[in-house]
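Colleague: Could you walk me through this model? I'm new to reading structures, so plain words please.

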Amino acid sequence: MAKGTGLKAAQETGGVSIRKRGGQMQDEKRVRILMAKFGEGYEKSVVRLALAFRESGFEIIYTETQTPEAIVTSAIQEDVDHIGITTLPGAKIDDIRRVMELLEKAGARDIGVTAGGFLGYDDIPRLKEVGIVQFFPTGTTIQELIEWAQANIKQSH
């Protein structure tokens, strides 16, 4: 990729997208989302999701780490507005609960958390109890996710 484009460039500018309009440079702060996953498989799908969100105007930080501690540490270091967790086969609700506990402990509950994927409908009330904003079951389209994000995720910093 050319310098100044793509995920790396967005990270290099500290989350500020520079756009030239009418001959003048303007700073445009974008909503920052950390995308993470619990469970195994479907790496290409998670990357495709991250790219679709980036193309829709969000700044995406993607992490392959799967421990709640590492996810929360990354979210705080990257100063994100939201964490989106993909739950793949093998994902555990306890991991999501731990993410929420760590955010609380760090004083970072202004960071919203959503999850989606391979958890049963019976698990949704338990996820809401631990504090996630929304759960998206398997079959939710990328467009539905983006539309929800555009309507509901705001800059928190």
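Here are some short questions and answers about the sheet, a helix and the core.

Modeller: Keep in mind that this is a predicted model, where local features need pLDDT of at least 70, side-chain atom pairs count only at pLDDT 80 or more, and totals for chains, interfaces and linings use all residues. Residues are numbered from 1 along each chain as its sequence is written, and side-chain values use heavy atoms, with hydrogens and water left out.

Colleague: In what order do the five strands of the open sheet come?

Modeller: Strands here are DSSP runs of E, at least two residues, and helices are runs of H or I, at least four, numbered from the N terminus. Two strands pair if DSSP finds at least two bridges between them. β3 and β5, for instance, are joined by six bridges. The pairing is parallel, and the order is β4-β3-β5-β6-β7.

Colleague: Is Ala75 buried or exposed?

Modeller: Ala75 sits in helix α3, residues 68-77. Buried means under 20% relative accessible area, exposed over 50%, partly exposed in between (1.4 Å probe, protein chains only). Ala75 has 0% relative accessibility, so the label is buried.

Colleague: Which element gives the most to the largest nonpolar core?

Modeller: A nonpolar core is a set of buried Ala, Val, Leu, Ile, Met, Phe, Trp, Tyr and Cys residues joined through side-chain atoms within 4.5 Å. The largest one has 27 residues, and Leu103 is among those with the most contacts inside it. Elements that each supply at least two residues include α3, β5 and α4 (93-105). With six residues, the top contributor is α4.
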